[in-house]
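I opened my notebook to follow one structure from its DNA contacts to its core. My entries are below.

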There are 2 protein chains.
Amino acid sequence: MATIKDVARLAGVSVATVSRVINKTDFVNPETAGQVLKAIEQLQYEPNAVARGLAGKKMGIIALILPDILNPFFPALARGVEDVAHKKGLTVILGNSDDLGLKESSYIKVLKKKYVDGFIIASNTIREEDVEALRKERIPIVLLDRGLNTASCAVIRSNNREGAKIGVQHLIEQGCQRIAHIYGPQEFITARERLLGYEEIAKGLSGYSPSLMVSGNFDIEGGRKAVEQLLTRHPDVDGIFAGNDLMGVGALKALHERGIRVPEEVKVCGFDGIGLTEITEPELTTVAQPIYEMGKLAARILLDEIESGIRENSIIELDVTLIPRKSTQ
Amino acid sequence: MATIKDVARLAGVSVATVSRVINKTDFVNPETAGQVLKAIEQLQYEPNAVARGLAGKKMGIIALILPDILNPFFPALARGVEDVAHKKGLTVILGNSDDLGLKESSYIKVLKKKYVDGFIIASNTIREEDVEALRKERIPIVLLDRGLNTASCAVIRSNNREGAKIGVQHLIEQGCQRIAHIYGPQEFITARERLLGYEEIAKGLSGYSPSLMVSGNFDIEGGRKAVEQLLTRHPDVDGIFAGNDLMGVGALKALHERGIRVPEEVKVCGFDGIGLTEITEPELTTVAQPIYEMGKLAARILLDEIESGIRENSIIELDVTLIPRKSTQ
DNA sequence: CTGAAAGCGCTTACAG
DNA sequence: CTGAAAGCGCTTACAG
C-alpha cells in the first residue's frame, strides 16, 4: 500500500502538503493541490487510519456498549447507531455488558486505549464514576435510559412514565377494571418509571389493589410466572399492563396455557414495540419506543460532540406511541 | 496517561526493556523485570493500543460483517463471536452489509485501513475478489455459509441439505403426504441446499409435484404470501417445510388467517432455530442450527489463524437438530 | 541480558 | 503558500 511519502515524492511536494490537501486543513495552491490529487489517484493512496489515529487520538470508531444484543430490544438500537456512523465514515465496536458494571468498566478501559472517538452506552448499571472519568478526559459519551440527577452528559430516553399511563389508559378505554401490572427490575429506571405511571392511573380505579403489581424480571419466563402468581391472587383480573414486551409475551403464553382467552377475558398490553409483538397470537398491543430512531439520535448527538468538541448535557425524552392490536380489542 | 517512556524512566531501563517485559517477547533479568513491573504498577501504565497497532499492524479488532443485525438470526451469531473475542481481549467491529456486495467491499476497505486483525463475514453476496484480496494480504478471514468451490479460506456452515431432509422426514413421520416447500432466494447457497434436500425426500412421495415449491424471500411476509399462493394451487397440502423460521412464522400467520388449524390440518416446520419459534402459537417445530456455537467457532478459528499465522482452509459443516414442537404434532 | 535507534504512517506547530 | 522536523507511543532488528 502506498503511504503519504510515496504520494509526496510523486507529486514533488512535502508530506505536510499532502496532508493538507487530504484534510483540507489549510489553503494549498490549487495547482499544487492538483498535482497531489493526481498522485493520490495514481497510487490509489488511502490514508492509514491507525497512523492517523495515533497522531490525532481518534480512530474513527464509536463504542456501543449495551446489555445484550440477544435481547430483541437492542438490535434496532445498534442498527440505528451503525447506520448513521457508517454514513459519516465511522465504524462501531459492539460490546455486550450483560448489565454488569464490571464488564462495562472493563470495556471502557480497553476501548479508551483504542482511541475510540466516543461512547454510546445503553445500560442500567453504568457507574457514575465511569461517566465522570470519561467526561474529565473529554471523551464524548451519550447515555441511553440513564442519567437522572447527573446531567453531566447527553441522555436519551423515552417518556416511560407517560407511556405507561397511555398503556393503562388504553386498557381502561377498552373496558378493563382490574388492571394488573407486571413490573421489571426496580433498579432499572425505566422499570421504575413505568410502574409509577401505572400506579398514577390505576390508583384511581375502583378495583385497584397494590397486590395487582407483580414482579416479572423483564423476560418471557418472568412474565409467565408473574401471571400465574397474579391469577391465584386475583382471578378476576381483566387487564394486564406488562412493563415490557417480553413479559407481555410471557403473559400471553401463561394465559393461553390456562385457557384464558385474550382479549375476550383478559386484555394485555406490552411496552417497547419490538418485532416479537407482531408474531404472537393474538398480536400484542404495545406502547412503542422509537428504538431505531433512538439509536440514530444517539449517534448523531455523539458525532456532533465529536466534531464540535462542545459538550452536550441535554436530556432528551422521546415520545412513545400506542400501537393497538388484537390483544386489547 | 503514563507512556512506556515514563515507565522506562521510573524503572531506570530503556523502553525496549519495558516492551520486552510487557510482551514477554524476550528473556529479561528477573530483577530488572521486577523493577519494570513495579513501575508499571505504580504508574498504572496501560500500553496504548493504537501505537501498538501502528507498529504491529494489528489493532486487536475482529471485523464482523453480516447482512443485518435486525434479522433475528444474527444476534446470536454476533454474541458468539463477541464472547470469545472478549475473552481473548479482542474487540469486535460490527458492520451491516444488507447483503450488498458494494457495502461489503466498502467495509472491507475501511476496516483494512484500521488494521483489524481479521474478518468474519456472514454473507451470501461476498465477492470472491474481496476474499482473494484479503488472502493475498495475509489477513485472516473466515466465512459463514459461503465458499463452495473456493476453499481458499475457512468456511463454517450447517449441514443444510441434511437438515432439510430431516425436516421433511419428520413431516412424513407425522403423517403428511402432500408436503410443500417455501424456499428462500436461490442465489443463497443455504436456500439452494435446503431446497435440494427437500426435493430429494419429497420426490419419493406419491403426492409430490414440483408446483409444491413456492418462493418466499426468507422473510415473514414472503412466507405468508407463499402460503396464499400455495393454497390456491394445492388446497390439499398437509405439510409445509419452510426454508427458514421467518417464512415458517409467515406460514403460520397465513394459515391462521384462513382458519386452517395447525397442526391438525396442516403441519409446519421451519429452519434455523431462532427464538421466535418459541413464541408463536402453536410453537414452531424447527430444524435448528447451532447459531451461537457457529459464532464462537468462527471466532476461535479466526483467532487461531491470527495467532499462529497458519492459513486455515477447512470447511466445517455443523450438525443441525430437529426441535419438534406443537406445529407438527 | 539490555540499550540506541530506526520505523510504523500520519499531523501539526514553527519558520520562512 | 509550503517545507523540515518533532511528535503520537509503541516494536524490533542490530549491536554489544
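Which helices each supply at least two residues of the surface near DNA strand C? I noted first that this is a predicted model. Then I looked up the helices. In chain A they are α2 (15-23) and α4 (49-56). In chain B they are α2 (15-23) and α4 (49-56).

**DNA strand C.** I found 27 residues around this strand. The closest are A:Ile4, A:Ser19 and A:Ala51, along with B:Asn29 and B:Thr32. I sorted the residues of this surface by type: 15 are nonpolar, 10 are polar and two are charged.

**Chain A against chain B.** I looked up the contacts next. Here 31 residues of chain A meet 31 residues of chain B. On the chain A side, α4, α5 (74-87), β2 (91-96), α6 (101-113) and α11 (245-257) each supply at least two residues. That side divides into 19 nonpolar, six polar and six charged residues.

**Strand pairing.** How do β2(A) and β2 of chain B pair, parallel or antiparallel? I found them antiparallel, with three bridges. In one bridge, A:Leu94 has B:Val92 of β2(B) as its partner.

**The core.** In soluble globular proteins, nonpolar side chains tend to be buried together. So I looked up the largest nonpolar core, which has 187 residues. A:Ile62 and B:Ile62 have the most contacts inside this core. I then followed B:Ile62, leaving out its neighbours within four places in sequence. Its contacts include B:Val81, B:Ala85, B:Leu90 and B:Val92. Also among them are B:Val116, B:Asp117, B:Gly118 and B:Ile120. B:Ala299 and B:Leu302 are on the list too. I met B:Val92 twice: as a contact of B:Ile62, and as the bridge partner of A:Leu94.

Notes. Residues are numbered from 1 along each chain as its sequence is written. Chains are lettered from A and ligands numbered from 1 in the order in which they are written. This is a predicted model: local features need pLDDT of at least 70, side-chain atom pairs count only at pLDDT 80 or more; totals for chains, interfaces and linings use all residues. A residue is near a molecule or strand if its C-beta atom, placed from the backbone, lies within 6 Å of it. Helices (H or I, at least four residues) and strands (E, at least two) are DSSP runs, numbered from the N terminus. Ala, Val, Leu, Ile, Met, Phe, Trp, Tyr, Cys and Pro count as nonpolar, Asp, Glu, Lys and Arg as charged, and the others, Gly among them, as polar. A nonpolar core is a set of buried Ala, Val, Leu, Ile, Met, Phe, Trp, Tyr and Cys residues joined through C-beta atoms within 7 Å. A residue is buried if 20 or more other C-beta atoms lie within 10 Å of its own, exposed if 12 or fewer, and partly exposed in between; C-beta atoms are placed from the backbone. Two residues are in contact if their C-beta atoms, placed from the backbone, lie within 7 Å. Two strands pair if DSSP finds at least two bridges between them.
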